[in-house]
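Visitor: I'm new to this one. Can you walk me through it?
Guide: Sure, here it is.

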There are 2 protein chains.
Amino acid sequence: MAAPGENLRINGDRLWDSLMEMAKIGPGVAGGNNRQTLTDADAEGRALFQSWCEAAGMEMGLDTMGNMFARRDGTDPEALPVYVGSHLDTQPTGGKYDGVLGVLGGLEIVRSLNDMNIKTKHPIVVTNWTNEEGTRFAPAMLSSGVFAGVHDQDWAYAREDAEGKSFGAELERIGWKGDEEVGTRKMHAMFELHIEQGPILEAEGKDIGVVTHGQGLSWTQVTVTGKESHTGSTPMPMRRNAGLGMARILELVDQIAWSHKPDAVGAAGHIDVYPNSRNVIPGKAVFTVDFRSPNLSVIEDMEKRLRDEGAKICEDMGLEVAFEKVGGFDPVEFDKDCVTAVRNAAERLGYSHRDLISGAGHDACWINQVAPTAMVMCPCVDGLSHNEAEEISKDWATAGADVLLHAVVETAGIVE
Amino acid sequence: MAAPGENLRINGDRLWDSLMEMAKIGPGVAGGNNRQTLTDADAEGRALFQSWCEAAGMEMGLDTMGNMFARRDGTDPEALPVYVGSHLDTQPTGGKYDGVLGVLGGLEIVRSLNDMNIKTKHPIVVTNWTNEEGTRFAPAMLSSGVFAGVHDQDWAYAREDAEGKSFGAELERIGWKGDEEVGTRKMHAMFELHIEQGPILEAEGKDIGVVTHGQGLSWTQVTVTGKESHTGSTPMPMRRNAGLGMARILELVDQIAWSHKPDAVGAAGHIDVYPNSRNVIPGKAVFTVDFRSPNLSVIEDMEKRLRDEGAKICEDMGLEVAFEKVGGFDPVEFDKDCVTAVRNAAERLGYSHRDLISGAGHDACWINQVAPTAMVMCPCVDGLSHNEAEEISKDWATAGADVLLHAVVETAGIVE
């Protein structure tokens, strides 16, 4: 099949206008969005997306997890579709682009192909995956996970929010539970455009991130137990300070991550000490160590060193320590051909680019288990995401969608 | 004046029975007490104490801060009284002995002198200081502080609890606001018996702590500011991890305290990181460093090193840091003659003893500013206090009250 010509471009103004229009639904309190999954705002956003898809001549499919599939036919009735999409749901204090850019970028591709009257051999299906964020119903990437067979649908339906409402009941309540059995669709390929949610592209002045891998993740919850005692009346040699043990393990975590540079990372974002009183030496510290690497053996090594060397630190201080693995997934290696299609697209369009490893989880990470998949990333200001102040420029969004267009069209095949 | 004879002893069983009887008022949920200041339970405890004092032939005085003064007359109408006491209020999850032993130990002295028909030259006044704990109305040692002129009474009245009720209004409500102007009483001396609230006496097998000094305290609230960012998508060199900066300052605090061994101590009991999410690198860490020493110049040096070296740590990590002094008091040196009276009493009675520096604040620390003062300490199990599981033995309580008796009687003068 022929590669699309350099002159093939999406309409950046139209894409931007659609992003701004969608952002009016479920506004946040500080300029961003609160359009959490399976809320009334989510239903309203879905309806707007469907109306736009239908106006672009697409037909909407809906599966039993509420995943939306807007189809533009191809010329070959036997050819499997090329999927493109992401998610419309947001964090409670989320931005206007995380996920949304990938869905409306997919829509913009179809609109542009319509404008240019270009047909593809394979159909193109623009997808909105339900509950990517996972803040209302844990875990994240829930419905793409069910689609890929990672999670069981009944288990997913039973997930509850903080008020005890279930995913299944809320999906029915908002009217977006379909009849199509989840996971039965076969894909020729899947592409996801997403903001980086990290600082690398902006810092290096690159337009495009070609995502080659998704980092694997390991969450270990560490509980250090010492002895609550008075900060005044307990001499230094008689202290069993769980907070100090935690401090030394946090330093260890940093050292371990640096020892696997440049790709591994490690830190603790969640830290609680007990009883957390100014004049009581902490008797207990609970914190979660987050290690990530694109290399499974590196993750395993980091976990082992945390347990071995962390135990030694605590033993030397007269502290007890327990390690519990509370989360994780293996590294993802995206499909080489799909990745090459993304890199070629950036080259062809003259956008500066670099290979990236995705540090966050995405729907594409699960779909990669059942179909050839890759991701395109564009910069975001200051690496900021999951925050109402999340920002990108129209130029960045346009470049990302241009690359998505070329990668999708090259994969779907232009019919001359 | 003559020293009391070796055979002069309090009644340990009666003291213990009174401790157990008082503990029935404001019971905790786990075997201890919740008899917080100016609650109905506090009023009930005060009434019981008053009834016991009156039964022992004493007359009760009550000042405008609710401080209770039960007087046993001396033989010399010109002699100033020897005061003895502590506090009946407890922590919300407090023990049966913290404070209570000092008040009921004072009562037991008078009961024993009555039994033995011993008269003293100076009157003896058994005191219950209002709101020593400070958990309902901060700060601790509030009413002894007003008595000693450290705090203004109107300011004390305006202190509010978590529900917005004021100290002044609650003192009136429970019916224990007196007419006597606070702080007008003159004292010949003041003695306070208290449990150690630390592990030293038990660990060394000593019956009695002769308290020579009260440690000075310095609380510095440290705010480290970095940048909230994604734990996955932020490369190690681009992180500004406020939690890691905090960990390094906690290590520094430990080093600083050890550098002034054996008497100085340092730790952080209160630690909060923000946003405290497993996949967000902390953008802010707030924690309070507690330094104590019996030597003011040591406290000043520790504060300075924390600020200088803490600032250097943060500068090297690209973090901002702010230090705010949020609490403190100068070291206390108790009256040499009163301390000698306590040490002599332990010697005379054959109790093992050692000099102690009080790590916690006590009413005696403020009263020492207006009258010759000293403290007697007895061990507590495992150094545990401010906890319902706080425990002492009847023998320890008896030994402490015996020493208190001898110190008080030697100071008040036996009339032969």
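**A sheet and an interface**

Guide: This is a predicted model. Let's start with a strand pair: strand 9 and strand 11 of chain B run antiparallel, joined by nine bridges.
Visitor: Which residue stands opposite B:Gly266?
Guide: B:Phe291, in strand 11 of chain B.
Visitor: What's the strand order in that open sheet of chain B?
Guide: The order is 9-11-7-12, four strands with antiparallel pairing. Strand 9 and strand 12 (320-329) of chain B are the edges, each pairing on one side only. On average, neighbouring strands are turned by 15 degrees against each other, direction ignored.
Visitor: Which strands does helix 8 of chain B lie across?
Guide: Strands 7, 9, 11 and 12 of chain B. The helix runs at about 5 degrees to strand 11 of chain B.
Visitor: New topic. How many residues does each chain bring to the contact?
Guide: Chain B brings 58 and chain A brings 57. The buried area between them is about 4,600 Å². Carbon and sulfur atoms give 59% of that.
Visitor: Which three residues of chain B supply more of its buried area than any other three?
Guide: B:Met236, B:Gly269 and B:Arg278, with 16% of the area chain B buries against chain A.
Visitor: How many salt bridges cross the interface?
Guide: Six, by the rule used. One joins the side chains of B:Arg248 and A:Glu251, at 2.7 Å from N to O. The interface also has 23 residue pairs in polar contact.
Visitor: Which element gives the largest share of chain B's side?
Guide: Helix 8 of chain B, with 10 residues. By class, that side of chain B has 26 nonpolar, 20 polar and 12 charged residues.

Conventions: Residues numbered from 1 in each chain as written. Chains lettered and ligands numbered in written order. Predicted model: local features only at pLDDT ≥ 70, side-chain atom pairs only at ≥ 80, totals over all residues. Heavy atoms only, no water. Contact = heavy atoms within 4.5 Å. Buried area = accessible area lost by both parts, 1.4 Å probe. Salt bridge = Lys/Arg side-chain N within 4 Å of Asp/Glu carboxyl O. Polar contact = N/O pair within 3.5 Å; in protein donor to acceptor, adjacent residues only side chain to side chain. Helix = DSSP H or I, 4+ residues; strand = E, 2+ residues; numbered from the N terminus. Nonpolar A, V, L, I, M, F, W, Y, C, P; charged D, E, K, R; others polar. Pairing = 2+ DSSP bridges. Axes fitted to C-alpha atoms, helices over the stretch in contact; angles between N-to-C directions.
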